[in-house]
Amino acid sequence: MTDSKYFTTTKKGEIFELKAELNSDKKEKKKEAVKKVIASMTVGKDVSALFPDVVNCMQTDNLELKKLVYLYLMNYAKSQPDMAIMAVNTFVKDCEDPNPLIRALAVRTMGCIRVDKITEYLCEPLRKCLKDEDPYVRKTAAVCVAKLHDINAQLVEDQGFLDTLKDLISDSNPMSINKLLTALNECTEWGQIFILDCLANYTPKDDREAQSICERVTPRLSHANSAVVLSAVKVLMKFMEMLSKDLDYYGTLLKKLAPPLVTLLSAEPELQYVALRNINLIVQKRPEILKHEMKVFFVKYNDPIYVKLEKLDIMIRLASQANIAQVLAELKEYATEVDVDFVRKAVRAIGRCAIKVEQSAERCVSTLLDLIQTKVNYVVQEAIVVIKDIFRKYPNKYESVIATLCENLDSLDEPEARAAMIWIVGEYAERIDNADELLESFLEGFHDESTQVQLQLLTAIVKLFLKKPTETQELVQQVLSLATQDSDNPDLRDRGYIYWRLLSTDPVAAKEVVLAEKPLISEETDLIEPTLLDELICYIGTLASVYHKPPSAFVEGGRGVVHKSLPPRTASNESTESPETAPAGPPSGEQPDVIPAQGDLLGDLLNLDLGPPVSGPPLATSSVQMGAVDLLGGGLDSLIGGPNFVTPPAAAVPANLGAPMGSGLSDLFDLTSGVGTLSGSYVAPKAVWLPAMKAKGLEISGTFTRQVGSISMDLQLTNKALQVMTDFAIQFNRNSFGLAPAAPLQVHAPLSPNQTVEISLPLNTVGSVMKMEPLNNLQVAVKNNIDVFYFSTLYPLHILFVEDGKMERQMFLATWKDIPNENEAQFQIRDCPLNAEAASSRLQSSNIFTVAKRNVEGQDMLYQSLKLTNGIWVLAELRIQPGNPNFMLSLKCRAPEVSPHVCQAYETILKN
């Protein structure tokens, strides 16, 4: 018989009868009575009079009956709070029941009883359940904490439940891992994907556990569902980091990974594309997996263009001396196809092969010349672009082809091809008899050319003049005049003035600068930056692996996105260092936040008329103009708004700045570590940010502080009006480092006329990010009962220097060498009467850490590191000459735009 019978009773005096049944000695009768009570409650009858009788039924081992009583309790606890206290002892007892289901049921019910009177009695059983041995009970208790926080947030904080929750986040629960691995064989394909994704987030204790998990995941590689295969590949790629390459199992695993990846390429084109984007990442990380599978990436005639282009990219990555002949034959075939985009990419691929495999360079150049002879316009132009790169890789080796290139000069109409041809003519002007005529032909339509061609033409003609000064004087004067007087492009004008001054003041120096020997270009310039690649490997099989961008780059707001990283290699793997002595530089997964291009500057504060910042020290200026170098795989140009951004004019800096940082760094291994004690970070005095006359009588002064990892905005609000001010609130516009209030603006009492109140507003850096000008500009809106007021201010960058910014010495040296020299900026800090020890100590108090220290010819050299809240590292060399109050500071950073602000922080800290 179904439970519907409980809803059809028509008896009179029903409450009395139910009361008698609830107090019956027979368990079955008691259970029937509780079901009738629940049925009456469900249809809206008031059965609250039975509260004490139902609560007495809690003392039972029957799980079904206990669930029913708890259901009743949740419904009527609010109306009977005094009676609900009777149930507390049972909750406490049930939270210690041997059955984890009963323990979890008790915790869940506790969270649903929203009665202030009994919440404090529930804290102790909840604390026990948060540390329960059963993961299901712990999970239920964690949810209960959230519910309790909604009822009484202060109680949750006072009882320390938030700290316990943080511990639960790092709960590895090995038992759960084994259960997950066992469940892999028992669940559906989508269940398997979720399990594999969970495993990918787990970090094994050691290489033995990593190998054990890999062995149990490997069978998933033969699954029919491609999503399962990619999830399994993700787990294996991640855990392989912990395996020693000397292990036999490591080699076996590499062999097992290849077939499933190859099989994915026989699916529909859309799935092929997703597989190829993931394979592109895998090949960059571990090319040995697919080094023998080149043929599967050969293009088929009926492949869609997006599959063709992706296959081509992987072919180049897998190209080696062993297979280059096969690859070149394929590429030459592709270059005769009808699809223009594909042909262009194929021609470029031939050039990339020449640069990557030196032994094939001659054959590649010969192939490119054959393609030029076809006289197909777009093929010729692409060939000239790649030949320019081959010249840069192998100087003075293939210049015999220049004559052939010059024959096709008239057919070039694309800016990149024209710029490449101009570079070749300028670079090898001494070998081309009519070089001046060729360049002059480009000069005729100078103003119609793109910026790329104009810049290249300017440099090429200056090179020609330095090689043949007597014949080309008029030509160089003409181009300098066009670049400096007739052009409105600041890049072109600046370069023209630099060349003009060099040529007019010191032709010898001009020759050394313009005709300097250039470094050879690297083999593959389009590889994803290593730390980003490690993060993307952790996202194989997701949208991030298709976009080749971390989720934070395309998930709106970026909140809640956790940066993942590969586990550290074990001591047995490739290195004899123990984990304790491993380099402590930037963690591999800690990808610096890329600050987006400046779009709508006002962001959330719409249509505001914000003037320049009211206060703040001026920016230090660099003696080196820094360009935005794309070091993040398609990113740092946007840090300052695009590749054409021009830095503000730099102030003149004395020529005796000293040698560049690169000199003498190789002996950093022998340096002695700097020491210093931690004290409070420097706090600037409060400044008036919003004058009373602009805010209807409200005056706001403030400063920023950083203490023990917490950032605060210390505000002073003064009421200079004749009326009381209440209902204060604050909001920040999006800004360069995501600064945002971590709590509401708390003004506990109304602000009376002529009254002043001091408030410390905690800040965090998880807000929306948008590039500001200047970089440390903060736009603020403050509301009260009178109006909304707006102001902007500059925050000192040192409040963003984090406490774990000390880099290990070996890592410092490697990172310094890895950052390009053009990212180095030099500054002079004047009138600072500190010695090296005092300077190091003072800087360390603001989280600028001395990695090493040495003395060279009586000059103290401090090598220092710091890290910003968004993960950007800045390396520094501080030179201090005893007795000289002027310090020299050299900074290197992958985001050179922050260097002037870091220098300003140095100056502020050292002088205060």
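Where is lysine 375 found? Let's start there and work through this predicted model together.

**Exercise 1. Place lysine 375 and describe its backbone.**

Step 1. Look between helix H22 (361-373) and helix H23 (377-393): lysine 375 is found in the loop that lies there.

Step 2. Now check the backbone angle. Phi of lysine 375 is near 65°, a positive value in a residue other than glycine.

Step 3. Set this against the general rule. Most residues other than glycine have a negative phi.

**Exercise 2. Find out which residues of helix H26 are buried, and how they are arranged around the helix.**

Step 1. Go along helix H26 (residues 435-443) and pick out the buried residues: Ala435, Leu438, Leu439, Phe442 and Leu443.

Step 2. Look down the axis of H26. Its buried residues fall within an arc of 145°, so they line one face of the helix.

Step 3. Recall the helix geometry. An α-helix has 3.6 residues a turn, so residues three or four places apart point the same way.

Step 4. Ask what lies over these residues. The cover of the buried residues of H26 includes helix H24 (402-407), helix H25 (415-427), helix H27 (451-467) and helix H28 (473-484).

**Exercise 3. Work out the order of the strands in the five-stranded open sheet, and follow its pairings.**

Step 1. Write down the order, which is E1-E2-E3-E6-E5, with antiparallel pairing.

Step 2. Find the edges. E1 and strand E5 (740-741) each have a single partner strand, so one side of each is left without a neighbour in the sheet.

Step 3. Begin at the E1 edge. Strand E1 (residues 687-690) pairs with E2 over three bridges in the antiparallel sense. For alanine 687, the bridge partner in E2 is glycine 702, while for leucine 690 the partner in E2 is isoleucine 700.

Step 4. Move on to the next pair. E2 and strand E3 (residues 710-719) are joined by 10 bridges, again in the antiparallel sense. Threonine 705 has serine 712 in E3 as its bridge partner.

Step 5. Look at the connection. E2 and E3 make a hairpin with two residues between them, and valine 708 in the turn has a positive phi of about 50°.

Step 6. Is strand E2 mostly covered or mostly open? Of the 10 residues in E2 (residues 698-707), nine are buried, and the strand is mostly covered.

**Exercise 4. Describe the largest cavity and its lining.**

Step 1. Count the cavities of 30 Å³ or more: there is one. The largest cavity has a volume of about 40 Å³.

Step 2. List the lining: Met110, Gly111, Ile113, Thr119, Leu122, Leu126, Cys144, Leu148 and Ile151.

Step 3. Match the lining to the helices. Helix H7 (100-112) and helix H10 (135-151) are the elements that give two or more residues to the lining. H10 supplies the largest share, three residues.

Step 4. Sort the lining by character: seven residues are nonpolar, two are polar and none is charged.

**Exercise 5. Examine two loops for unusual backbone features.**

Step 1. Visit the loop between E3 and strand E4 (729-732), the place of aspartate 727. Phi of aspartate 727 is near 55°, a positive value in a residue other than glycine.

Step 2. Is aspartate 727 buried or exposed? With a relative accessible area of 52%, aspartate 727 is exposed, as the cut-off for exposed is over 50%.

Step 3. Go to the loop between strand E6 (756-764) and strand E7 (777-783), where proline 774 has its place. Glutamate 773 and proline 774 are joined by a cis peptide bond, with omega about -5°.

Step 4. Compare with the general pattern. Most peptide bonds are trans.

Key:
Residues are numbered from 1 along each chain as its sequence is written. This is a predicted model: local features need pLDDT of at least 70, side-chain atom pairs count only at pLDDT 80 or more; totals for chains, interfaces and linings use all residues. Side-chain values use heavy atoms; hydrogens and water are left out. Buried means under 20% relative accessible area, exposed over 50%, partly exposed in between (1.4 Å probe, protein chains only). Helices (H or I, at least four residues) and strands (E, at least two) are DSSP runs, numbered from the N terminus. Two strands pair if DSSP finds at least two bridges between them. On a 1 Å grid over the protein atoms alone, a cavity is a set of points where a 1.4 Å probe fits but cannot get out, and a pocket is an open set with protein on both sides within 12 Å along at least five of seven lines; lining residues have an atom within 4 Å of a point. Grid points are joined across faces, edges and corners, and a volume is the space filled by probe spheres set on the points. Ala, Val, Leu, Ile, Met, Phe, Trp, Tyr, Cys and Pro count as nonpolar, Asp, Glu, Lys and Arg as charged, and the others, Gly among them, as polar. The arc is that of the directions from the helix axis to the C-beta atoms. Contact means heavy atoms within 4.5 Å.
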